[in-house]
Amino acid sequence: MNIAIIGVGKLGVKVCEALMGGDYDITLVDTNNVLLDRLSQQFDVMTINEDARDINVLRSLNIEQFEYVLVSTGSDESNLIISQFAKQLGCKYVIARVRDPEYMKHFEFIRQGLEVDFLVNPDYAITMEIYKYLAEKYTLESGVFVTGGIAMMEMDVANKKDLIGLTLPEVRRAMPDMLVAAISRSGKIIIPHGSDVITDSDQLYIIGEKDAILDLHKKVHQREKHDKLQKVMIVGGGKTGYYLAEKLADFGASVKLIERSKTRCQYLSARIPHVMVLCGDGTDMDMLEEENLEEMDAFVTATGYDEQNLLLALAVKEKGIEDVISKVSRESYLNMIEDMRVDMVLNPLDITAGNIFGIIQEKKRVVSSMLVQGQAEIVEIIATKGMMMLEGTLKELDLPHSLLIAGIYRNGRVIIPDGDTKIQQDDRVIVVSLLSGISELEKLLKMK
């Protein structure tokens, strides 16, 4: 499959890394020759140092031979124009990154009028993950994902205290027809393996046969825990803060949005009048306390600085806020968060790359996928002849720590796999993968 990435910034590089494990021919197009030279040494890709706004550049690429083109330059307008050119020249599917809120309001009109197949927006993607986390929690959603005869549920381990202190093999013996597929711990999603131990603050994602999971869910689900999301404070009035404040206000929450720039505050006040916009330094704890920080149900740090977001989230969590969520873009910081006790830390690049990866994956018999707290993906795949996942037992596949085969649905029968399980052709396979390691998932789907 031929894929072109036009505009190789952080998102372009992230998607390129994710796809390198698969059977793709990737072409990178950018005006930065130094960047392309570095990437050509790092990856087995073709690089083109040209401006894709020139339609002759697209023609010279034989763009009609490409299955997908991702356009992710720094300009929304350029992305839309290049996408339209590529589509009209015969590319099968085009994906454009669009970040401006004014464009996102006209999503369907742009998609149809400009013939852009898919629009992706990192700021909106992270907004929706935060919104889902809060809204589902306070609307008492069941937290059960069902596909075929397999189901997965979310559960606070505090509701099943006999699991605390157990290793994964001991949990398996205690619940032989179920498997812990993922653990949410201090804002970080962990794909569990044999030596991991369940701690008293963990949130577990448990997979098993549908009836068994639904029965467990009835026993441990506490519907009375949360009443209503009433007050939320957001620090950072950029695009993420804008989208999130608007969504939560529409949900019915009272939102305070703190932004340092006076000009930006004026912009926000004019566009989201039902949100209280405060001009000030969101890292000033005295100011936050004057604005009744302790009364907040949730607190979100969404400035443009990772260090600021993490330190502020840590300081606020010490005040006893129920849900503290932080936006962090650097991969190197994600390994630091487990000891910080922040409830949720999200990387917009990982989420967006995962969304793009899901679009492309649909051609590989991927039946469905869903995100887990914006850090991992649950994917249902139909095992197809020739896929690498059919090449031996799970033990022999030597799966990385970022990935877990969590369940198999075969001829109407649910199989909770172990190391000796072998995937067969036409099995429906449930895979849990960290978004930061989706290139490893691609290797499983790769054809021999």
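User: Which residue in strand 6 is the bridge partner of arginine 97?

Analyst: In this predicted model, arginine 97 has valine 120 of strand 6 as its bridge partner.

User: How many bridges join strand 5 to strand 6, and in which sense do they run?

Analyst: Strand 5, residues 93–97, is joined to strand 6 by three bridges, and the two strands run parallel.

User: What sheet has the strand order 3-2-1-4-5-6?

Analyst: That order belongs to an open sheet of six strands with parallel pairing. Its edges are strand 3 (46–49) and strand 6 (118–120); each has a single partner strand, so one side of each has no neighbour in the sheet. From one strand to the next, the twist averages 15°.

User: Which strands does helix 1 lie across?

Analyst: Helix 1 lies across strand 1 (2–6), strand 2 (25–30), strand 4 (68–71) and strand 5. Relative to strand 1, helix 1 runs at about 160°.

User: Where do helix 1 and helix 15 meet?

Analyst: On the helix 1 side, the residues are Lys10, Leu11, Lys14, Val15, Ala18 and Leu19. They meet Leu349, Asp350, Thr352, Ala353, Ile356, Phe357 and Ile360 of helix 15. By class, this contact has nine nonpolar, one polar and three charged residues.

User: What about the axes of those two helices: how do they cross?

Analyst: The axes of helix 1 (residues 10–19) and helix 15 (residues 348–361) come within 9 Å and cross at roughly 50°. The two helices are therefore oblique to each other, and their crossing is right-handed.

User: Why quote both an angle and a distance?

Analyst: Because two packed helices are described by the angle between their axes and the distance between the axes.

User: Changing topic: what is the strand order in the open sheet that contains strand 12?

Analyst: The order is 14-13-12-15-16-17, in an open sheet of six strands with parallel pairing. Strand 14 (276–279) and strand 17 (344–346) are the edge strands, each pairing on one side only. The twist in this sheet averages 15° from one strand to the next.

User: How many bridges are there between strand 12 and strand 15?

Analyst: Strand 12 (residues 231–235) pairs with strand 15 (residues 298–301) over four bridges, in the parallel sense. Within strand 15, valine 300 is the bridge partner of isoleucine 234.

User: Which strands does helix 13 touch?

Analyst: Helix 13 (residues 306–317) packs on the sheet and touches strand 12, strand 15 and strand 16 (323–327). The direction of helix 13 makes about 170° with that of strand 16.

Conventions:
Residues numbered from 1 in each chain as written. Predicted model: local features only at pLDDT ≥ 70, side-chain atom pairs only at ≥ 80, totals over all residues. Heavy atoms only, no water. Pairing = 2+ DSSP bridges. Axes fitted to C-alpha atoms, helices over the stretch in contact; angles between N-to-C directions. Contact = heavy atoms within 4.5 Å. Parallel < 35°, antiparallel > 145°, perpendicular 65-115°, else oblique. Left-handed = near helix turned anticlockwise from the far one by under 90°. Nonpolar A, V, L, I, M, F, W, Y, C, P; charged D, E, K, R; others polar.
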